[in-house]
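Grab a pencil and open the viewer. Below are a few short exercises, each with a worked solution.

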Amino acid sequence: MEIKKGIAVSPGISIAKSLIIDSEDYRIPRRLIKSSQRMVEIQRTRNAFKDAIGELTQLEAAHDRSGGGKIKDIFAVHLRFLHDRSLRKKVTDLVHAESVTAEYAVSTVLREIASHFAKEKDAYMSERAADIYDIERRLLKQLLGKKREDVGHLTEEVVIVARELSPTQTAGFDRKYVKGIASDAGGRTSHAAIVARSLGIPAVVALEDLTEYTSGGDIVIVDGNRGIVIVNPDDQTIRQYEEYSKEFAELEHRLDEIRQEPAVTRDGTEITLLGNIEFPNEAEVVLEKGGAGIGLYRTEFLYLNTESEPTEQDHYEAYAETVRVFADRPVVIRTLDLGADKYTQSKRFAPEPNPFLGLRSIRFCLQNLTLFKKQLRAILRVSVLGEVKIMFPLITNRQELMQAKMILHDVMEDLDEESIPYNRNIQVGIMIETPSAALTAYSLASDVDFFSIGTNDLTQYTLAVDRGNELVSMLYSTVDPAVLRLIRNVIQDAHKAQIDLSVCGEMASEPEYIMLLMGLGVRTISIASPMIPEIKQIIRSVTIEYCNKVARKVLGMDSERQISAYLRNAARKILPEAF
Ligand code: PEP
Ligand code: MG
């Protein structure tokens, strides 16, 4: 039995057999082999190369006949790699030297080569990394053959164990079979974690070396409440967890009963409780859980799972599906936040050196106007169906905001010319998720209808801590005094300017932090749907007077530790079962 402590990112308990996946969804058994088996693995490697060459030669010939010039060239490049004897030797040498399986050796060697290419400054060379990954996939397909477990087509319940998961992979998991997630890497607000929470799959991240201790098929317990993962638990531990899991399910069930009750404090202050979604079909869940609309629709997920770019109609249909669920309630559609850890399929192998500080989000949109305008057209078209609002992410200065608004007006004019109806008075807001936006909030407020504080990024950029990096996760805290001061300023500026304000970062879904936010003056929050009942319960259990006291007390503290401990205690008193 191996007990590992990580960061709890999605609540709940799961017990199931592990399925280990690497970053390309292929299952790579990492078991060592007996030395007597090495020749068998070496022969398997040779066969895989031979069969991959055979497959590619056939594909090349087929494209030759159909005149597919460019694709044929790609196949030729891949064939050259596969014919390279030194590459094959590297793989077989690894099998021999370290007694590992053929698939493990292929993956290790090719990934190492790919990472060398990716680091090349020359764009042509760095793009070759994608070719190497393709070759790796082709070889693994040969090696794993029927043994390959496609995560998209599971037939039994599993706990996914991985070194690192991308938001795209996580979004593709089938809730019916994926019962838990445990990864070596990641942070509380990394996008893969956010998606796990939205899907309601218990998850623990930042387990550092869990994959070293787990083999495919091991029984794994994921305790998404306490951030614990247990590999090969003994019978007594399994029984304890089964009991705990039952108690937790009962608590959830009890909380669900208040879902149609209003989110009002005991002394009558109403909080608007909205839901965050990544996919249109989540809107129904938000409604079921008692959300009063959508406060953050992360539309970039429309791009992540497909090889081809979504059309304007694809955008329109996804938004319309959401808006129909909340016909007369607000639906805040955030424009694309691509980049950083959310890459489209075509860009995933060409990462920037500092992606979170790079061509991300609104910056990416302002440099890709065709793509941006396509989305804006769809949002405007859908605005006649309900109370749709537009929100621009990662604004850092006024000029950026004015540029984005100018493009929105261009798109409005285009629609006017084509006599396509839209809501002319559509509300336009921005996310406050950079220190620069927080510090200049008062000036930005004069050009928008609302602010939504993105505490995930605001924390990352204020503290200079990568939100997804487990090595620095202990430094990442939304209740650091520096972050709290910025949040307080933004709230005050929004009130002064008389514009709407909400908080849509994960901070608002933390039972420990909600009282503080309310005490700071927040009256609208948007959170992942599974958290709605619990947060509502807290809101209904407190008075705003008490929240004000909590906020006053916290603002007088100058240490993150002190603040965290104080808030944990305060929340524990209100909802002891949840802690
Ligand atoms: C945030 O940064 O707090 C936010 C809500 O946006 P995202 O998590 O999608 O970056
Ligand atoms: Mg953000």
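We'll start with the ground rules and then work through the metal site and the overall fold.

This is a predicted model, where local features need pLDDT of at least 70, side-chain atom pairs count only at pLDDT 80 or more, and totals for chains, interfaces and linings use all residues. Residues are numbered from 1 along each chain as its sequence is written, chains are lettered from A and ligands numbered from 1 in the order written, and side-chain values use heavy atoms, with hydrogens and water left out.

**Exercise 1.** Find the protein donors of the magnesium ion (ligand 2) and place them in the chain.

*Solution.* Step one: look for N, O and S atoms within 2.8 Å of the metal (3.2 Å for Na, K and Ca); water is not among the atoms, so the site may look incomplete. You get Glu433 (OE) and Asp457 (OD), 2.0 to 2.1 Å from the ion. Step two: Glu433 sits in the loop between β13 (427-432) and α16 (435-439), while Asp457 belongs to helix α18 (residues 455-463), so the pair links distant parts of the chain, 24 residues apart. Step three: both Glu433 and Asp457 are buried (under 20% relative accessible area, 1.4 Å probe, protein chains only).

**Exercise 2.** Work out how the protein chain is built and how much of it is buried.

*Solution.* Step one: count 23 helices and 16 strands (DSSP runs: H or I of at least four residues, E of at least two). Step two: of the 579 residues, 55% count as buried. Step three: the C-alpha atoms fill a box of roughly 75 × 70 × 40 Å along the principal axes.

Terms used:
Buried means under 20% relative accessible area, exposed over 50%, partly exposed in between (1.4 Å probe, protein chains only).
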